[in-house]
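Colleague: I would like to learn how to read a model of this kind feature by feature, beginning with the sheets and ending with the way the chains meet. Could we take it slowly?

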Protein chains: 2
Amino acid sequence: MSKEAVASNLSEASKVLILTHIDPDGDAIGSVLGLGLALEKLGKKVVMACQDPVPKRFLYLPGSQRIVPYPYGYFDIVVSLDVNDLKRLGRVYHEELFGHLPLLNIDHHITNLHFGTINWVDPEAAATAEMVFELLEEMGAPIEPDVATCLLNGIVTDTQGFRTPNTTVKTLETALRLQKAGANLYQIMTQAFNHHSFNMLKLWSKLLARVQLKDGIIWVDKPRSILQELELEEDHDHGLINFLLGVDGVKIATIFTEKPGGEIDVSFRSVPGVDVSTVAVKLGGGGHPQAAGCRLKGDLEEVKKLVLEELRKLL
Amino acid sequence: MSKEAVASNLSEASKVLILTHIDPDGDAIGSVLGLGLALEKLGKKVVMACQDPVPKRFLYLPGSQRIVPYPYGYFDIVVSLDVNDLKRLGRVYHEELFGHLPLLNIDHHITNLHFGTINWVDPEAAATAEMVFELLEEMGAPIEPDVATCLLNGIVTDTQGFRTPNTTVKTLETALRLQKAGANLYQIMTQAFNHHSFNMLKLWSKLLARVQLKDGIIWVDKPRSILQELELEEDHDHGLINFLLGVDGVKIATIFTEKPGGEIDVSFRSVPGVDVSTVAVKLGGGGHPQAAGCRLKGDLEEVKKLVLEELRKLL
């Protein structure tokens, strides 16, 4: 089985490079740190890398400063965590430098392209961190509080605090074991969901006033002017899309975010039974059946029209 | 120990009246139904009562239609669940009718007044439903899916989905066992947190625009005119207060809701280390250190001034 193959390959390696995707989320960062810190306790040399910086609210995680944007050194093996497509590693993966090394692809996205030497892809897992926990168990690695914190952060963020339909008995069981191993659930929940600026409230106020709902699709657009007006640097909107999905009768929720350089970031969420990952993939993105996204070039109004048409076909 | 005393008293009883507090929340309803349905499986005759109706979003719970506003019949014993003060039972508790019966007081509020014949009060418990689960275990009662659903509903709602600081290893362990016993965590989470009307979004938009923040206290008032304008019947605001508490630097969050008849409902939330239950009790209410409330007569502006002054003394 691929999990056992991943475990034995990692057990034999002594210099490990761990990578994750651009624009990292709590599962990407948590999985990298959880695996990285655990492998170090087993005496291995570890380098952890991500093209984009660790989001501010995850800087509290032990080892977060260790994640570098330009990895260098000699390695025996490369691990890719939470990445569905090699391209999503961005510039931390150099074919010339690392192409000859075994590449372990560990991921829970159903859209995974199986680009590794060994591919362990489990779409049933609620988070890649859940898989990393299984892997460490398979390897007989001890789960210390710092590792437990990072992994529980991955599970909590990817399940929106155990609220997604893929939060199985196994997920809660893993969470409990991580809590028992010393992870502080309250701190993790607070960092993930209860940490926003006063101006973020004002952003929600403005966005909620703009929300539109038609035929089971709810959407809102976020022009850059609103962020600038509120002097918000980051545009992390703290779960607004999940709040929109919770409106009675809604099957799909979508947020259109205007990015610099004429790009529009589009996020999708859907209720079980409606697979938004198909639309995301069609438009050049990826994700899960109930949570996906893509990025499109173009004018905000044009992109909205195009995307909403695609979504309508889905229902 | 009081848990064992409660268990043996209940085991011996054959006709049980189960009561909970006015204005019931998800823990009150979940605990009553969880205990009631489980006792019925043990062959007991059970009547469940609450002065106020079951909130709409908890009507999906098995047995919810069984909760009556006027209990009648002959009983061996009365159980009070999730109630800190006998007065909070409202008109379902008649001293003349039930005063001669043993009264089992099962509650997790630190402000509990120990009004029962036997008082089992555990402020460490995250929810009364967590205690009911323990009690059923002590009694050797089987936990079937309907009972598990009701109890997990209590835990999920009272911990805001495992987000409160009192979500211990025991809490998560209980949740896991209830999930394994057949409770559908996703359904429970969705009913509790992802179920609101489109106009609720508009309510949030309007309220967030009114929010004020000063010296670690954040607050908003909810005049009746706003609810009327949006044609919202119920004023359940779906976690707005927790969202306010998550603003960086905030120690206390407060919402003032104008009720019919010149009353103002005041809710408090606080970060660990700040005990808002003391202010709530002082003003005639009750609750937990981190979540409390009271109801005051008077004009909205006067009440705000009075309450904010009390809160300022706390910091």
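**Reading the sheets, the domains and the contact**

Modeller: In chain A, an open sheet is built from six strands in the order S3-S2-S1-S4-S5-S6, with parallel pairing. Its edges are strand S3 (67-68) and strand S6 (118-121) of chain A, each of which pairs on one side only. Please keep in mind throughout that this is a predicted model.

Colleague: How should I read the pairing itself, and how many bridges join strand S1 to strand S2 of chain A?

Modeller: The general idea is that strands of a sheet pair through backbone hydrogen bonds, either parallel or antiparallel. Here strand S1 (residues 15-20) and strand S2 (residues 45-49) of chain A run parallel and are joined by five bridges, and A:Leu17 stands opposite A:Val47 in S2(A). Helix H1 (residues 2-12) of chain A packs on this sheet, where it touches S1, strand S4 (77-81), strand S5 (103-107) and S6 of chain A, and the direction of H1 makes about 125° with that of S6(A).

Colleague: Which strands form the open sheet with mixed pairing in chain B, and in what order?

Modeller: That sheet of chain B has six strands in the order S7-S8-S9-S10-S12-S11. Strand S7 (212-214) and strand S11 (286-287) of chain B each have a single partner strand, so one side of each is left without a neighbour in the sheet. At the S7 edge, three bridges join S7(B) to strand S8 (residues 217-222) of chain B, and these two run antiparallel; B:Gln212 stands opposite B:Trp219 in S8(B).

Colleague: And for a pair of helices, at what angle do the axes of H4 and H5 of chain B cross?

Modeller: The axes of helix H4 (residues 128-139) and helix H5 (residues 145-158) of chain B come within 7 Å and cross at roughly 145°. From H4(B), the residues B:Thr128, B:Ala129, B:Glu130, B:Val132 and B:Phe133 meet B:Leu151, B:Gly154 and B:Ile155 in H5(B), and by class this contact has five nonpolar, two polar and one charged residues.

Colleague: What does the domain assignment give for chain A?

Modeller: The assignment divides chain A into domain 1 (2-193) and domain 2 (202-314), whose centres, taken over C-alpha atoms, are separated by 27 Å. Their contact takes 10 residues from domain 1 and 11 residues from domain 2 of chain A, and the domain 1 side consists of four nonpolar, five polar and one charged. For the chain as a whole, a compact globule with 315 residues would have a radius of gyration near 20 Å, and the 19 Å of chain A agrees with that.

Colleague: Then how many residues does each chain give to the contact between chain A and chain B?

Modeller: The size of an interface is often given as the accessible area lost when the parts come together, but residues can be counted too: here 33 come from chain A and 33 from chain B. On the chain A side, helix H6 (169-180), helix H7 (185-193) and helix H8 (198-210) are the elements that give two or more residues, and that side divides into 19 nonpolar, nine polar and five charged.

Colleague: What turn and shift lay chain A on chain B?

Modeller: A turn of 180° with a shift of 0.0 Å along the axis does so, with an RMSD of 0.0 Å, which is the relation of a two-fold axis. The C-alpha of A:Ser205 is the one in chain A nearest the axis, 2.0 Å from it. Both copies use the same surface, since 100% of the contact residues of chain A recur in chain B.

Conventions
Residues numbered from 1 in each chain as written. Chains lettered and ligands numbered in written order. Predicted model: local features only at pLDDT ≥ 70, side-chain atom pairs only at ≥ 80, totals over all residues. Contact = placed C-beta atoms within 7 Å. Helix = DSSP H or I, 4+ residues; strand = E, 2+ residues; numbered from the N terminus. Nonpolar A, V, L, I, M, F, W, Y, C, P; charged D, E, K, R; others polar. Pairing = 2+ DSSP bridges. Least-squares fit on C-alpha atoms with pLDDT ≥ 70 in both. Domains from an automatic or database assignment. Axes fitted to C-alpha atoms, helices over the stretch in contact; angles between N-to-C directions. Rg over C-alpha atoms; globule rule 2.2 N^0.38 Å.
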